[in-house]
Amino acid sequence: MTLKIGDTVEGRYKVLSEIDSGGMGTVFLAEHHLIKRRVALKLLRPDLAEDVDTLERFMNEARIAGTLGHPNIVESTDMGFTRDGVPYIVFELLEGSLLTDEIYRTRGFPVRRALRIARQIASALAASHAAGIIHRDLKSDNVFLTDREDAMDHVKVLDFGVSQFIGGEARNVVVGTPQFMAPEQITSPGSVDGRADVYALGVILYEMLAARRPFADHDDPNVVFQRILNEEPAPLEVSNLPPGLEVLLFERFITKRADERFATMRDVEGALAAFAGIVRPEGSRDSVPILALSAAAGLPATTESSPSLPAPVQAITLPRAPAQRPSVAWIIAAVVAAAGGVGLVATSKSGSQASGVAQATAADASVARDDASKLASAIEASTRGAQLRADGLAQTPMFRAAIETDAKTVADMLRSEYKLKLESGEVFQMSQLRDGKRVVLTRLPPTAGTLPTTDKPALHVADGALSVVVTSPVLNPDGKLAGAVELLVPVELGSLRDQIAAHASELSLTGLDAPLAIHLGSASEGAGSAAHVEAPIAFEKTLAVGSATLSETIAPPAAAASASDAAGGMPVGALAAWGGAGFLALIYVGSLLRARRRD
């Protein structure tokens, strides 16, 4: 070290304290003698100042940081030599933390935060590449997070010391940090271009999301190099990723083939911006909101307030009442109950002969309303997931470029450059707007039928299955409508179907583009007459269909069914009425006997 605290460098910068030191040199906190502005003064190690290559790298960093003038690149304001002939660079003073420290302090970032930081890095590198400069040592240790005008996570990219000027002399020397180096940096460093920085940014994005790097750290760089060249990165295993983001990261950033990566940082910015636009903000509700069914649908309005509780009842002791003669009312009540039982038998027989279906009870209607609400929530959840995927695909730069070509070009792209992964039952379609008409460019799988293009998601019934069709517009580079991406996704009803099957044997939906009937099982077999109930299904305004009707065949409770069967098909109500009549008659007889004893 040729400087100590209190020294003044070239009569301008007073050294106040040491900030950090590393293999290249030491960074001091300093203050300009006249304007009192505090800066970071980076001093090269004296022994390295005699090495021509190291000195060139150091001076290179000063030139680049001082000329690019990008808000996300650290600014260099001055440079010079100490009285001992050791070079120094003056940088703007940054307050905050290194990206690496923040990643492992928080154990990884939410998706939205990671994308926001990655976009700023891409913007900085886009400016660097436009100036003909490849960073070649982009890593999380060379990214600084600071606050700027109340905006958190403002990015500053550091250390352009090993940068290579595009079109300049390319040395066949491996430079960079092993964990962040693209395969071509290892095998043919002389051919490195801007796509090596794309690879490094992909590693940083991976690290921000997973709090680890794609290839395990190892002390031996050769082991790391072998893993980069021969192994595939471990899956992210991160929850709540927007659909397609992991595929984009693996196939367009950290793929081993440079020609499969994004060609420019501007393309990277566009792709990251597309995903940032469809990610929920941190702290937003991820759960499906409960639907409020309107009073217009004939259902009572619900509130979140708890029902009021009755005041506690106090026990009191009453004096013994004088003996009285048994009332004739007991025997009259018994006769009425017995007659009611006879009436129930007659009504049950006539009703059964007329329809063969049990009347729906208030409990059955409540069950149907609950099923309708759950079904609406499941449909809306599938719709939101499908729309996010379609929006992500529509805003992918590759699709935005392909939309103005022809069907053959799009088909070749999907075959060779972009492997679109579809789940079972899904259909992808891309259409082009040509002379005001929609022309289908491609459809996967090719055997699927044509999907409709609608302004809002639409429900579709085919082959006894329910699906949702979503559409997302594709804009050309000028921001004009060029076509659309359509996606059909089956509505996931697995767990809900099992819940409904526990109390219903059949389920049907009407009010969609076609009726849907689902046989759920044999919940009502052997249970006597089943009840047919209906309930309205109200959807959010995001769906093209506003409402539908749910019809269910609900089995009567097992206890009621077994009681009916035990009585030979006799209605349970009739049995209860006759039992009550007998009980009342016994009370009357007992009262009469007690009165005689007292007499």
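**Notes on the predicted model**

1. Let's start in a loop: R136 sits between strands β8 and β9. This is a predicted model, so please read everything below in that light. R136 has a positive phi, near 70°, and is a residue other than glycine. Its relative accessibility is 14%, which puts R136 under the 20% limit and therefore among the buried residues.

2. The loop between β8 (133-134) and β9 also holds S140. Is S140 buried or exposed? With a relative accessible area of 0%, S140 is buried. Its side chain makes a polar contact with the side chain of T100, at 2.9 Å. Setting aside neighbours within four places in sequence, S140 touches L99, T100, I103, F180, I204, E207 and R213.

3. Some of those names come back in helix α2, which covers residues 99-106 and has L99, T100, E102 and I103 as its buried residues. Why do these four line one face of the helix? Viewed down the axis of α2, the buried residues fall within an arc of 165°, so one face of the helix is what they line. What does that set of residues pack against? The partners are β7 (96-98), α3 (111-130), β9 (143-148) and α5 (195-210). Just after α2 comes R107, with a positive phi near 60°.

4. While we are on backbone angles, have a look at A211, in the loop between α5 and α6 (221-230). Although A211 is not a glycine, its phi is positive, at about 60°. As background, most residues other than glycine have a negative phi, and most peptide bonds are trans. A cis peptide bond does turn up here, between L444 and P445, with omega about -5°. P445 lies in the loop that runs between β13 (437-444) and β14 (458-462).

5. Now for the sheet. Six strands make up an open sheet with antiparallel pairing, in the order β1-β2-β3-β4-β6-β5. Its edges are β1 (8-9) and β5 (76-81), each of which pairs on one side only. Helix α1, residues 52-67, packs on this sheet and touches β4, β5 and β6 (87-92). The directions of α1 and β6 make an angle of about 25°.

6. Within that sheet, how many bridges join β3 to β4? There are seven, linking residues 25-32 of β3 with residues 38-44 of β4, and the two strands run antiparallel. If you want to find the register by eye, start from V27, whose bridge partner in β4 is K42.

7. Helix α8 offers a simple length check. Its 12 residues, 265-276, should span 16 Å at 1.5 Å a residue, and the end C-alpha atoms are indeed 16 Å apart, so the two values agree. Which residues of α8 are buried? They are M265, V268, E269, A271, L272, A274, F275 and A276.

8. Last stop: A465, in strand β15 (residues 465-475). A465 counts as partly exposed because its relative accessibility is 37%, which falls between the 20% and 50% limits. Beyond the neighbours within four places in sequence, A465 is in contact with H460 and L516. The C-alpha atoms of A465 and V491 are separated by 8.2 Å, and these two residues are 26 residues apart along the chain.

Terms used: Residues are numbered from 1 along each chain as its sequence is written. This is a predicted model: local features need pLDDT of at least 70, side-chain atom pairs count only at pLDDT 80 or more; totals for chains, interfaces and linings use all residues. Side-chain values use heavy atoms; hydrogens and water are left out. Buried means under 20% relative accessible area, exposed over 50%, partly exposed in between (1.4 Å probe, protein chains only). The arc is that of the directions from the helix axis to the C-beta atoms. Contact means heavy atoms within 4.5 Å. Two strands pair if DSSP finds at least two bridges between them. Axes are lines fitted to C-alpha atoms, for helices over the stretch in contact, and angles run from 0 to 180 degrees between N-to-C directions. The expected span of a helix is 1.5 Å times one less than its number of residues. A polar contact is a pair of N or O atoms within 3.5 Å; within protein, one must be able to donate a hydrogen and the other to accept it, and residues adjacent in sequence count only if both atoms are side-chain atoms.
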